[in-house]
Amino acid sequence: MSTARKRVAVVGVGTMGSQAAWRLAARGAEVVGYDRFAPGHDRSAAGGETRIFRSAHFEDTRYVPLLQHADVLWGQLQQETGRELRRLTGCLSWGPPRNS
């Protein structure tokens, strides 16, 4: 579906809504976003100062390709804005071994 010359309203511009608006605009849509709260509020799943983004998804490996694509998009957004939006660090995960 072509979004050229389409006008789109995104209701809720948290993590998912803002990414949807960005990708729609990149495809040529005229996008406006609406949110009940001001940017940076503490009422969302992504509220607060920091986030963790992990691609080692132990719960279900089917998420990994989606997470890898999201990682590419975060890099693209960081490059387009010229702002540091994420800082890659290491991670140590441990727990009981699986009984297979």
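Mentor: Let's start with three words: a residue is buried under 20% relative accessible area, exposed over 50%, and partly exposed in between. Keep in mind that the model in front of you is predicted.

Trainee: Thanks! Then why is Asp-60 called partly exposed?

Mentor: Its relative accessibility is 22%. Because the range for partly exposed lies between 20% and 50%, Asp-60 belongs there.

Trainee: And what makes Arg-62 exposed?

Mentor: Arg-62 has a relative accessible area of 68%, and the word applies over 50%, so Arg-62 counts as exposed.

Trainee: How do you know that Asp-60 and Arg-62 meet in a salt bridge?

Mentor: Their N to O distance is 2.7 Å. The cut-off is a side-chain nitrogen of Lys or Arg within 4 Å of a carboxyl oxygen of Asp or Glu, so this pair qualifies.

Trainee: How many salt bridges does the structure hold?

Mentor: Four salt bridges in total. Another one joins the side chains of Arg-7 and Glu-30, at 3.8 Å from N to O; as the limit is 4 Å, this pair counts too. It links distant parts of the chain, with Arg-7 in strand S1 (residues 7–11), Glu-30 in strand S2, and their positions 23 residues apart.

Trainee: Why do Arg-7 and Glu-30 get their exposure labels?

Mentor: Arg-7 has a relative accessible area of 70%, and exposed begins over 50%, so Arg-7 is exposed. Glu-30 is at 49%, which falls between 20% and 50%, so Glu-30 is partly exposed.

Trainee: What makes Asp-71 and Arg-86 a salt bridge?

Mentor: Their side chains meet at 2.3 Å, N to O, and the requirement is within 4 Å; therefore the pair counts. Distant parts of the chain are linked here as well: Asp-71 is in helix H2 and Arg-86 in the segment after H2, 15 residues apart. At 30%, Asp-71 is partly exposed, and so is Arg-86 at 26%.

Trainee: Trp-74 caught my eye. Where is it, and what is it in contact with?

Mentor: Trp-74 sits in helix H2. Beyond its neighbours within four places in sequence, Trp-74 is in contact with Gln-19, Phe-53, Leu-85 and Arg-86. Gln-19 is 55 residues away in sequence, with a C-alpha to C-alpha separation of 9.5 Å.

Trainee: How do you know that Gln-19 is a contact of Trp-74, given those 9.5 Å?

Mentor: The 9.5 Å runs from C-alpha to C-alpha, whereas contact means heavy atoms within 4.5 Å. Gln-19 is listed among the contacts of Trp-74, so some of their heavy atoms lie within that limit.

Trainee: Now to Tyr-34. What makes it part of a surface patch?

Mentor: Tyr-34 lies in strand S2 (residues 30–34) and has 48% relative accessibility. Patch members need over 30%, and Tyr is one of the nonpolar types, so Tyr-34 passes on both points. Val-11 and Val-32 are the other members, and the three have about 320 Å² of accessible area together.

Trainee: Which residues does Val-13 touch?

Mentor: Setting aside neighbours within four places, Val-13 is in contact with Ser-18, Gly-33, Tyr-34 and Asp-35. Val-13 is in the loop between S1 and helix H1 (15–26).

Trainee: And why is Pro-39 called exposed?

Mentor: Pro-39 is at 83%, and the threshold is over 50%, so the label exposed applies. Pro-39 belongs to the loop between S2 and helix H2 (64–81).

Trainee: What makes Arg-23 and Trp-22 a charge over a ring?

Mentor: The charged end of Arg-23 sits over the ring of Trp-22, 4.4 Å from its centre. The distance limit is 6 Å, so that part of the test is met. A search for aromatic pairs, in contrast, finds zero in the whole structure.

Trainee: Finally, in what order do the elements run?

Mentor: From the N terminus on, they run β-α-β-α, giving two helices and two strands. Of the 100 residues of the chain, 12% count as buried.

Notes
Residues are numbered from 1 along each chain as its sequence is written. This is a predicted model: local features need pLDDT of at least 70, side-chain atom pairs count only at pLDDT 80 or more; totals for chains, interfaces and linings use all residues. Side-chain values use heavy atoms; hydrogens and water are left out. Patches are made of residues with over 30% relative accessible area and no salt bridge: like charges are joined within 9 Å, nonpolar side chains (Val, Leu, Ile, Met, Phe, Trp, Tyr) within 5 Å. Accessible areas come from the Shrake-Rupley method with a 1.4 Å probe; for residues, only the protein chains shown count as cover. Helices (H or I, at least four residues) and strands (E, at least two) are DSSP runs, numbered from the N terminus. Buried means under 20% relative accessible area, exposed over 50%, partly exposed in between (1.4 Å probe, protein chains only). Rings of Phe, Tyr and Trp (its six-membered ring) pair if their centres lie within 6.5 Å; planes under 30 degrees apart count as stacked, over 60 as edge-to-face and the rest as tilted. A charge sits over a ring if NZ of Lys or CZ of Arg is within 6 Å of the ring centre and within 35 degrees of the ring normal.
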